[in-house]
There are 2 protein chains.
Amino acid sequence: MSEITQALEVLRKGRFVDLTHTVHSEIPRFGPFPKLVAETIFTVENDGFFVKKVTFPTQYGTHIDAPEHFAVDHLKLDEIPVRQLVLPICVIHREEAVAQNPDYIVTKDDILAWEAENGRIPAESFVAFASGWSRRWESGDMENKDEHGVPHSPGWGLDALKFLFEERGITAVGHETLDTDASSDVIGKGFLYSEKYVLDENKFQVELLTNLDQVPSTGGIILIGVPKFQGMPGFPVRAVAIVP
Amino acid sequence: MSEITQALEVLRKGRFVDLTHTVHSEIPRFGPFPKLVAETIFTVENDGFFVKKVTFPTQYGTHIDAPEHFAVDHLKLDEIPVRQLVLPICVIHREEAVAQNPDYIVTKDDILAWEAENGRIPAESFVAFASGWSRRWESGDMENKDEHGVPHSPGWGLDALKFLFEERGITAVGHETLDTDASSDVIGKGFLYSEKYVLDENKFQVELLTNLDQVPSTGGIILIGVPKFQGMPGFPVRAVAIVP
């Protein structure tokens, strides 16, 4: 056994937590995007093998946003270094706070509180905001609109992201919601400035994660599996945590 | 640091070898399959963000074949256990033999010769046939037809696969070619019986791998990253080896 295969043995003793929603044509999506169309083009009965043809937008289901999604002439999907797809994962658990206040915004103070409990956020890591929002997936109600049609969903504050990327040197962020920004920030500021910040930094993010409640604050790793399509702004991923 | 994050530190000291061809609309493909169509549906200039819509067959580029591809009521893409996507990788290097004889078929004797040199193939591993065939990718000539239009491409012999799955308990196989079977076997037997065997066993395979020549016979691991689309017979993957 090499050191590499020995390390795999250690990982295999861990718990695998699938952070990925299963993709089908009726999953929640950003309104203007088309839904998945899957067409059977060959069958075992007629052709000896089964093949489908699929059509979907690059931002669909649990997906990665490459920097190019918002930032022209930044990294596209196939240009993200493959080493950045295997990272330690730190989870900011705010499920209870979000249950109390769906407009919750993660601030730098949340990160400092996390560090007081768990130690410094390591450089080249993945930091996830666990909001509990994935529990809404099955119902499809990811926007949580009130009686006036105003959405109320939580998100990353710009100060938290600046601290994580600039002071801690992390590689990527992730969350359970459709957007990086809290809906109140999008309404107040008129744009997704937190998302734009991440992508302008030439960093990536993973959206619509699930099962983060099963991932401890620290001690786990995340594998982000995504095909290598040329020049794409993002793509559905398989995100898996391996945890103690 | 947990044991899991310590194991990641070991992996990060390894060499990452991308086993994946970049996907675009002009890559080699099985003749009757449609090519990738990618359409820009939102732009940063007009909409503030860049999104594409993609259409392609499930077996395209470096891809996984789920058992359901050939075997009705077997595992579909989203049903493959996620633990099976992280495996030790053993590579049967036959680049030179294939250069001499493009109709080369990997037999049980090849596996026994590998074991005499490297030790027993471990259970729950991924075994790849390195044929050097990926060097043909850029030219598009994956079939290697002779002057009579007869293809000559190498493949897995059925006895080698039966030995690997039944006597060694491996999890999956992979290769650089379009098919599991050598073209001479497909012509002689009238069907892809090696591929059918793998999928009938409810095991999966990864086709059209590249850069296997950079992976040592033993000591490495493979990560197979693939989105979790429901009910699919396969999908393009990101396959990455981490090697000493």
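**Exercise 1. Work out how α1(A) and α1(B) pack, starting from the handedness.**

The crossing of α1(A) and α1(B) is left-handed, meaning the near helix is turned anticlockwise from the far one by less than a right angle. Keep in mind that this is a predicted model, where local features need pLDDT of at least 70, side-chain atom pairs count only at pLDDT 80 or more, and totals for chains, interfaces and linings use all residues. Residues are numbered from 1 along each chain as written, while chains are lettered from A and ligands numbered from 1 in the order written.

Step 1: grab the geometry. The axes of α1 (residues 3-13) of chain A and α1 (residues 3-12) of chain B come within 9 Å and cross at roughly 155 degrees. Axes here are lines fitted to C-alpha atoms, for helices over the stretch in contact, with angles from 0 to 180 degrees between N-to-C directions. Helices (H or I, at least four residues) and strands (E, at least two) are DSSP runs, numbered from the N terminus.

Step 2: classify. Angles over 145 degrees count as roughly antiparallel, so α1(A) and α1(B) are roughly antiparallel to each other.

Step 3: list who touches. On α1(A) it's Glu3(A), Ile4(A), Ala7(A), Val10(A) and Leu11(A), and on α1(B) it's Glu3(B), Ile4(B), Ala7(B), Val10(B) and Leu11(B). Contact means C-beta atoms, placed from the backbone, within 7 Å.

**Exercise 2. Find the operation that relates the two chains.**

Step 1: superpose. Rotating by 180 degrees with 0.0 Å of shift along the axis puts chain A on chain B, with an RMSD of 0.0 Å. The fit is least squares on C-alpha atoms of residues with pLDDT of at least 70 in both copies.

Step 2: name it. This is the relation of a two-fold axis. In chain A, the C-alpha nearest the axis belongs to Gly225(A), 1.7 Å away.

Step 3: check the surface. Since 100% of the interface residues of chain A are also interface residues in chain B, the copies meet through the same surface. Each side is accounted for: 62 residues come from chain A and 62 residues from chain B.

**Exercise 3. Trace the sheet that spans both chains.**

Step 1: start at the junction. β3(A) and β3(B) (residues 51-57) run antiparallel, joined by five bridges; pairing takes at least two DSSP bridges. Val54(A) has Phe56(B) as its bridge partner.

Step 2: move outward in chain A. β2(A) and β3(A) pair antiparallel over five bridges, and Phe42(A) is partnered with Val51(A).

Step 3: assemble. The open sheet of four strands reads β2(A)-β3(A)-β3(B)-β2(B), with antiparallel pairing. Its twist averages 15 degrees from one strand to the next.

Technical notes:
Two residues are in contact if their C-beta atoms, placed from the backbone, lie within 7 Å. Angles under 35 degrees count as roughly parallel, over 145 as roughly antiparallel, 65 to 115 as roughly perpendicular and the rest as oblique.
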